[in-house]
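Biologist: I'd like to walk through this protein with you, one small question at a time. Could you show me the model before we start?

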Amino acid sequence: MNMESVGAYGGGKAGGTFDPIAFAKRPQVILRAVSWLFAVIVFGCISSQGWMSDPVSQKEECLYNKDSNACNYGVGISVIAFLASMGFLAGEYLFEQMSSVKTRKHYVLADLGFSGFWAFLYFVGFWYLASQWGKSDTPKNGYGVNNVQAAIAFSFFAIFSWAGSAFFAYKRFRQGSDAAFAPSYEADTSLPSAYPSYPGGPDTDQHYQEPPFTAGGNQRAPGDFSAPAY
């Protein structure tokens with residue numbers, strides 16, 4: 001993106017042409033797509049093989065140490081992350097069309113707050129799932145082991161994708177804050193640096209080498225006056 005086309009909070013100026021290739025190359029868009037993919041993997045793995053029917057009670061039990069809260073937590077944060085990622089992708093597309101600086105500021109702050117908070121929730125989720133899985137017995141015939149471990153791994157990866165989104169949102173916020181305090185004027189270099197004392201006046205750089213009048217033999221200089229003698 002050229003500097004001339006940069007608008008408020010690091011986005012392009014409103015009303016500019018949409019470039020799909022440049023849009024897809026944005027770090028924010030790439031991280032959103034990656035976060036969306038990680039969310040699909042986590043809740044897909046837990047939903048498909050994160051539960052197993054107990055042969056005695058015939059109830060579905062979570063493979064994470066039979067802790068249903070662990071499975072529900074992993075699925076819950078991932079479903080919300082899935083929806084939020086699509087919402088922020090749409091927001092990135094609409095960001096260029098936001099002509100109001102205040103609207104852009106609100107979007108950037110929402111991005112920063114949500115992304116930072118969800119990075120923290122994925123950190124908690126990774127620790128929670130890994131801790132419960134470490135206390136679990138190996139399921140019979142290894143049922144769901146790969147899915148359970150994949151959910152733990154991609155919960156860990158999601159921490160960095162959401163933290164990266166928060167970092168770029170913070171950079172946008174700083175750009176907008178710096179622009180708010182930047183001077184809104186430029187020095188006018190078209191004006192002359194000095195003015196003559198009056199039109200057609202003498203050149204101020206000209207200096208006389210000698211006084212304009214010299215005293216002749218019978219003339220006295222202005223400083224040679226003496227009182228007459230009587």
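Modeller: Here is a rule we'll need: a residue is buried under 20% relative accessible area, exposed over 50%, and partly exposed in between. Keep in mind that this is a predicted model.

Biologist: Okay, let me try that rule. Is K135 buried or exposed?

Modeller: First, find K135 in the loop between α4 (101-134) and α5 (145-180). Its relative accessibility is 53%, and the cut-off for exposed is over 50%. So K135 counts as exposed.

Biologist: How far is K135 from Y64, C-alpha to C-alpha?

Modeller: Along the chain, K135 and Y64 are 71 residues apart. In space, the separation of their C-alpha atoms is 7.9 Å.

Biologist: Let's step back for the overall plan. In what pattern do the helices and strands follow each other?

Modeller: The protein has five helices and two strands. Reading along the sequence, you meet them in the pattern α-α-β-β-α-α-α.

Biologist: And what share of the protein's residues is buried?

Modeller: The protein has 230 residues in total. Buried here means under 20% relative accessible area. By that rule, the buried share comes to 30%.

Biologist: Now for α2. Does its end-to-end span come out as expected or not, and what is the distance?

Modeller: Helix α2 covers residues 27-49, which makes 23 residues. At 1.5 Å a residue, the expected span is 33 Å. The two values agree, because the end C-alpha atoms of α2 are apart by 33 Å.

Biologist: Which cysteine of α2 is buried?

Modeller: Several residues of α2 are buried, including V29, L31, F38, A39, V42 and I46. An α-helix has 3.6 residues a turn, so residues three or four places apart point the same way. With 13% relative accessibility, under the 20% cut-off, another buried residue of α2 is C45.

Biologist: How far apart are the ends of α3?

Modeller: Helix α3 runs over residues 68-95, so there are 28 residues to count. At 1.5 Å for each residue, α3 should span 40 Å. That agrees with the model, where the end C-alpha atoms are apart by 40 Å.

Biologist: Which residue caps the N-terminal end of α3?

Modeller: Look for a side-chain oxygen lying 3.1 Å from the backbone nitrogen of N69. The residue that supplies this oxygen, and so caps α3, is D67.

Biologist: Which handedness does the disulfide of C62 and C71 have?

Modeller: The sulfur atoms of C62 and C71 are 1.9 Å apart, so they pass the 2.5 Å cut-off for a disulfide. The count for the protein comes to one disulfide, and both of its cysteines are buried. The torsion about the S-S bond is about 80°, so the disulfide is right-handed.

Biologist: What's odd about K66, and what is its phi?

Modeller: K66 sits in the loop between β2 and α3. It counts as exposed because its relative accessibility is 61%. K66 is not a glycine, yet its phi is positive, at about 60°.

Biologist: Which residue in the loop between α4 and α5 has a positive phi although it is not a glycine?

Modeller: In that loop between α4 and α5, look for a residue with a phi of about 60°. This residue is exposed, with a relative accessible area of 76%. The residue is N141.

Biologist: What is the volume of the second largest pocket?

Modeller: Its lining has 14 residues, with M52, E61, L63, K66 and D137 nearest the centre. The elements giving two or more residues to this lining are β1 (51-53) and β2 (60-62). By class, five lining residues are nonpolar, four polar and five charged. The volume of the second largest pocket is about 260 Å³.

Biologist: One last pair. How far apart in space are A166 and G113?

Modeller: A166 lies in helix α5, and at 10% relative accessibility it counts as buried. In sequence, A166 and G113 are 53 residues apart. C-alpha to C-alpha, the distance between A166 and G113 is 7.4 Å.

Methods:
Residues are numbered from 1 along each chain as its sequence is written. This is a predicted model: local features need pLDDT of at least 70, side-chain atom pairs count only at pLDDT 80 or more; totals for chains, interfaces and linings use all residues. Side-chain values use heavy atoms; hydrogens and water are left out. On a 1 Å grid over the protein atoms alone, a cavity is a set of points where a 1.4 Å probe fits but cannot get out, and a pocket is an open set with protein on both sides within 12 Å along at least five of seven lines; lining residues have an atom within 4 Å of a point. Grid points are joined across faces, edges and corners, and a volume is the space filled by probe spheres set on the points. Helices (H or I, at least four residues) and strands (E, at least two) are DSSP runs, numbered from the N terminus. Ala, Val, Leu, Ile, Met, Phe, Trp, Tyr, Cys and Pro count as nonpolar, Asp, Glu, Lys and Arg as charged, and the others, Gly among them, as polar. The expected span of a helix is 1.5 Å times one less than its number of residues. A polar contact is a pair of N or O atoms within 3.5 Å; within protein, one must be able to donate a hydrogen and the other to accept it, and residues adjacent in sequence count only if both atoms are side-chain atoms. Buried means under 20% relative accessible area, exposed over 50%, partly exposed in between (1.4 Å probe, protein chains only).
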